[in-house]
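Here is a walk through the charged side chains of one protein chain, with a couple of backbone oddities along the way. Have the viewer open while you read.

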Amino acid sequence: MKKILRALLCMTICWMALPAVAQRSIYAFKVKDAQGKTFKMKQLKGKTVLIVNTASECGLTPQYEGLEALYKKYKDKGLVVVAFPCNQFGGQEPGSDSTIVSFCRLSYDVSFPIMSKIEVNGAQTAPIYQYLKATSEVEKGKDIRWNFEKFLISPTGKILNRFHPRQTPQEIESDVVKALP
């Protein structure tokens, strides 16, 4: 019975992800930034993008420092880091969007774009994350494991890699450099 229920749940989640998967590119998505404004992903066309689900009260939160260092080092060469705060893992991102931005700016001097808080797993998964999980060749279709899982996107919009949350920005720097335009 558990196997049947699991299969039904999986089919339901896959069915719900169809609208997102039907998108042909990351550039088709519009998301909300932390100020509540529409952020069109198509403005990132031609850039290398590192998408990260983040949290302010996590043991991995110090990765903000490494993400900012990567961004500062390579932004003039075409890198954009995009943070998507998420409170699904241990309630480690409980604050409002403005609280999250303040924390990131004051604690880690973050200057890369921070989006509005979203869900990355389950029935309320944001469409962009439905797309990322469904189309990534690495761990295709699998849920996000924890805060600070990363997706590396090529300048043409192809998902190049999906990195484990514990892989630090420094550990993935060579992959980022290879992907720069």
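Let's start with Glu139 and Arg145, whose side chains form a salt bridge with the closest N and O atoms 2.7 Å apart. Keep in mind that this is a predicted model, so every distance here is computed from predicted coordinates. Glu139 is found in the loop between α4 (127–135) and β5 (150–153). With a relative accessible area of 29%, Glu139 is partly exposed, and Arg145 is partly exposed too, at 30%.

Arg145 has another partner: Arg145 also forms a salt bridge with Glu149, and there the closest N and O atoms are 3.2 Å apart. Glu149 sits at 0% relative accessibility, so it counts as buried. Through salt bridges that share partners, Glu139, Arg145, Glu149 and Arg162 are joined into one network.

What about Arg162, the remaining member of that network? Its place is in strand β6 (residues 159–163). Is Arg162 buried or exposed? Arg162 counts as buried because its relative accessibility is 3%, and the cut-off for buried is under 20%. The Arg162 side chain also goes for backbone atoms: it reaches the backbone oxygen of Glu139 at 3.0 Å and the backbone oxygen of Asp143 at 2.9 Å. Glu139 therefore turns up twice around here, once through its salt bridge with Arg145 and once through its backbone oxygen, which the side chain of Arg162 reaches.

Now for the backbone. Most residues other than glycine have a negative phi. Glu139 goes the other way, with a positive phi of about 60° although it is not a glycine. Which other residue does this, with a phi of about 75°? That's Phe148, also not a glycine. Phe148 is found in the loop between α4 and β5, and at 0% relative accessibility Phe148 counts as buried.

How many salt bridges does the structure hold? There are eight. One of them joins the side chains of Asp109 and Lys72, at 3.1 Å from N to O. This pair links distant parts of the chain, 37 residues apart: Asp109 is in the loop between α3 (97–108) and α4, while Lys72 is in helix α2 (residues 63–74). Asp109 is partly exposed, with a relative accessible area of 47%, and Lys72 is partly exposed as well, at 43%.

Here are the salt bridges discussed so far, side by side:

| Salt bridge | N to O distance |
|---|---|
| Glu139 and Arg145 | 2.7 Å |
| Arg145 and Glu149 | 3.2 Å |
| Asp109 and Lys72 | 3.1 Å |

Finally, some charge without a salt bridge. Which residues form a positive surface patch? The members are Lys30, Lys40, Lys42 and Lys45. Take Lys42: its place is in the loop between β2 (38–40) and β3 (48–54). Lys42 counts as exposed because its relative accessibility is 53%, and the cut-off for exposed is over 50%. If you're colouring by charge, you can set that patch of Lys30, Lys40, Lys42 and Lys45 beside the salt-bridge network of Glu139, Arg145, Glu149 and Arg162. Lys42 in the patch is exposed, whereas Arg162 in the network is buried, and so is Glu149.

Technical notes:
Residues are numbered from 1 along each chain as its sequence is written. This is a predicted model: local features need pLDDT of at least 70, side-chain atom pairs count only at pLDDT 80 or more; totals for chains, interfaces and linings use all residues. Side-chain values use heavy atoms; hydrogens and water are left out. Patches are made of residues with over 30% relative accessible area and no salt bridge: like charges are joined within 9 Å, nonpolar side chains (Val, Leu, Ile, Met, Phe, Trp, Tyr) within 5 Å. Accessible areas come from the Shrake-Rupley method with a 1.4 Å probe; for residues, only the protein chains shown count as cover. A salt bridge is a side-chain nitrogen of Lys or Arg within 4 Å of a carboxyl oxygen of Asp or Glu. Lys and Arg count as positive and Asp and Glu as negative; His and the chain ends are not counted. The place of a charge is taken as NZ of Lys, CZ of Arg, CG of Asp or CD of Glu. Helices (H or I, at least four residues) and strands (E, at least two) are DSSP runs, numbered from the N terminus. Buried means under 20% relative accessible area, exposed over 50%, partly exposed in between (1.4 Å probe, protein chains only). A polar contact is a pair of N or O atoms within 3.5 Å; within protein, one must be able to donate a hydrogen and the other to accept it, and residues adjacent in sequence count only if both atoms are side-chain atoms.
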